[in-house]
Amino acid sequence: MQAQTFSTFLAKTQRYFSSADHDGLPRVLNDVASACIKISSIVRLGALAGTSGSLASTNTHGETQQVLDLESNRIFLEAGQISGLIAGMASEEMEQPFIENHQQKGRYLLVFDPLDGSSNISLNLSVGSIFSILRCPDGVEVPALQDFLQPGSQQVAAGYALYGTSTMLVITTGQGVNGFTLDDALGEFVLTHPDMAIPHEAKEFAINMSNQRFWELPVQRYIAECLAGVEGVRGKDFNMRWVASMVAEVHRILVRGGIFMYPVDEKTRERGGRLRLLYEANPMAFIIEQAGGLASTGYEPMMGVQPLSLHQRVGVILGSKVEVERVVAYHHQQQD
Ligand code: F6P
Ligand code: MN
C-alpha cells in the first residue's frame with residue numbers, strides 16, 4: 001500500500017474540516033508541519049549549527065541553544081504568516097503576542113513552544129516543538145493578548161514534533177490522534193501511527209525525583225506506592241524514566257502508557273508550577289485525552305483551567321486514565 005503523506009491525510013480528512021469552525025485548518029496545519037521540518041533540519045546539525053555562521057556567531061553551548069530557540073521561533077513565525085489565516089501568534093520565546101497585519105481577518109491564533117527541552121540540544125538528546133491552534137474570537141479583527149487566554153477545551157487543533165532518533169509529528173484536531181514520521185528523502189511526513197491510543201495498563205512513571213522533598217502529599221503517596229512495587233498496595237513493579245524533555249516524555253507515555261507529572265510543589269508554588277499552560281500543558285492534554293488518556297492539574301481538569309496570563313504556569317499530571325484518576329483522587333481526598 002502506498003504511504004500516506006501528511007498532505008494526503010489532510011486532504012482525505014477534509015470532511016472533518018468542512019464546518020466553518022475548521023475552515024482552512026489543513027493549510028494552517030501544513031504550514032506548521034513545514035516549520036517542523038525546517039526546525040528538524042537545523043536540530044539535526046547538532047553542534048555544527050553553532051559553527052555554520054548562519055545560526056550563531058559563537059559555538060558556546062549556551063549561545064548555540066539560545067540561537068536555536070530563536071531560530072525555531074523565527075521559523076514558526078514565518079510559517080504562521082503564509083496562509084493569511086492566522087490572526088496572531090504567541091510563543092514561549094516572546095513576551096508579547098505577534099499580531100498579523102492582514103487585509104483579510106485571520107480565523108485562528110497559533111500558540112507554540114518552538115523548541116521544548118532545548119537544554120538537551122548540547123547533549124544530542126531529544127527535543128521537540130509543541131503547538132496549539134485556537135479560534136480568533138468572533139468579531140475580533142485585531143486580537144489582543146486577552147484573546148489568547150482561552151481554556152484548553154477551546155483548542156481547535158494541537159500537536160507536537162519530536163526530534164528524536166527520527167522526526168515525528170503527532171496531531172489532533174479533536175478526531176483522535178495521528179502520528180507521522182518524517183521521510184527525509186521525500187521531505188514529507190508520512191502516516192506511520194494512525195489512531196493512536198494510550199495503553200490503559202501502565203507500569204511506568206515519569207517525574208523529576210530530585211524534587212521529591214518539595215512534593216505535596218498526594219504525589220508523595222502515589223509515587224511511594226509505585227516504588228513499593230509488587231509488595232505494596234499496587235501489587236506490581238513500576239519502572240521510571242525522566243528524559244527532561246516533555247515532548248519525548250509525553251510521546252513515550254502515549255505509545256506505551258504510564259504517567260507524566262510535573263506537579264506544583266513547594267519549589268514552584270509561587271510561580272504556579274513549572275510548565276506553561278498555553279503552549280505546553282494544554283496541547284499535550286488535548287492529545288493525551290484524544291488518545292483516551294487524562295490530563296489534570298491534580299485539582300481540576302487541565303483543559304478547564306481559565307488562563308489569566310500568556311505565560312502562566314501550571315501543575316501537570318497526564319497519561320493513562322486509571323493512573324491519573326488515582327492521583328486526582330488522592331488530591332481530592334487531601335482536600336476533604
Ligand atoms: O520546557 C520545560 C522542560 O524543558 C520540559 O520539556 C521538561 O519536562 C522539563 O523542562 C524538565 O525540567 P527539569 O529540568 O526540572 O527536570
Ligand atoms: Mn518548553
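Let me begin with glutamate 225, which counts as buried at 12% relative accessibility, and which takes part in a salt bridge with arginine 221 whose closest N and O atoms are 3.2 Å apart. Before going further I should say that what we have in front of us is a predicted model. Arginine 221 is partly exposed, with a relative accessible area of 37%. Because the two residues are 4 places apart in helix H4, which covers residues 217–228, about one helical turn separates arginine 221 from glutamate 225.

Staying with charged pairs for a moment, a search of the whole structure finds 13 salt bridges, and I will take two others beside the one in H4. One of them joins lysine 38 and glutamate 78, with an N to O separation of 3.8 Å. Lysine 38 belongs to helix H2, residues 25–44, and glutamate 78 to helix H3, residues 61–80, so this contact ties together parts of the chain that are 40 residues apart in sequence. Lysine 38 is partly exposed at a relative accessible area of 43%, and glutamate 78 is partly exposed as well, at 38%. Nor does this pair stand alone, since Lys38, Glu71, Arg74 and Glu78 are linked in a network of salt bridges.

The other pair is glutamate 249 with arginine 252, where the closest N and O atoms are 3.2 Å apart. Both of these residues are buried, and because they sit 3 residues apart in helix H5, about one helical turn separates them.

Helix H5 brings me to the sheets. In one of them, 5 strands form an open sheet with mixed pairing, in the order E10-E9-E11-E15-E13. At its edges are strand E10, residues 239–240, and strand E13, residues 294–296, each of which pairs on one side only. Strand E9, residues 204–206, runs parallel to E10 and is joined to E10 by 2 bridges, with phenylalanine 205 standing opposite methionine 240 of E10. Helix H5, residues 246–256, packs on this sheet, where H5 touches E9, strand E11 (259–262) and strand E15 (316–319), and the direction of H5 makes about 165° with that of E9. Helix H6, residues 277–290, also packs on the sheet, but there the strands touched are E13 and E15, and the direction of H6 makes about 25° with that of E15.

There is also an open sheet of 8 strands, again with mixed pairing, in the order E2-E1-E3-E4-E5-E6-E7-E8. Strand E2 (98–99) and strand E8 (188–193) stand at the edges with a single partner strand each, so one side of each has no neighbour in the sheet. Strand E1, residues 86–91, is antiparallel to E2 and joined to E2 by 2 bridges, and methionine 89 stands opposite phenylalanine 98 in E2.

Now to the metal. Which protein donors does the manganese ion, ligand 2, have? They are Asp113 and Asp116, each through OD, and Glu280 through OE, lying 2.0 to 2.2 Å from the ion. Along the chain these donors follow the spacing D-x2-D-x163-E. Aspartate 113 in strand E3, residues 108–116, and glutamate 280 in helix H6 are 167 residues apart, and this pair links distant parts of the chain.

Is aspartate 113 buried or exposed? Aspartate 113 counts as buried, because its relative accessibility is 1%, and glutamate 280 is buried too, with a relative accessible area of 5%. Although buried, aspartate 113 has no salt bridge, and the nearest side chain of opposite charge, that of arginine 276, is 7.4 Å away. Apart from neighbours within four places in sequence, aspartate 113 is in contact with Glu92, Gly128, Ser129, Ile130, Tyr279 and Glu280.

Finally, a closer look at helix H6, which is mostly covered, with 12 of its 14 residues buried. Among the buried residues are Tyr279, Glu280, Asn282 and Phe286. Asparagine 282 is buried at a relative accessible area of 2%, and its contacts, leaving aside neighbours within four places in sequence, are Gln150, Pro151, Gly152, Gln155, Leu277, Met302 and Met303. The C-alpha atoms of asparagine 282 and valine 314, which are 32 residues apart along the chain, are separated by 9.9 Å. After H6 comes glycine 292, whose phi is positive, near 95°.

How values were computed. Residues numbered from 1 in each chain as written. Chains lettered and ligands numbered in written order. Predicted model: local features only at pLDDT ≥ 70, side-chain atom pairs only at ≥ 80, totals over all residues. Heavy atoms only, no water. Pairing = 2+ DSSP bridges. Contact = heavy atoms within 4.5 Å. Axes fitted to C-alpha atoms, helices over the stretch in contact; angles between N-to-C directions. Donors = N, O, S within 2.8 Å, 3.2 Å for Na, K, Ca; no water. Buried < 20%, exposed > 50% of the residue type's maximum accessible area, 1.4 Å probe, protein only. Lys, Arg positive; Asp, Glu negative; His and termini not counted. Salt bridge = Lys/Arg side-chain N within 4 Å of Asp/Glu carboxyl O.
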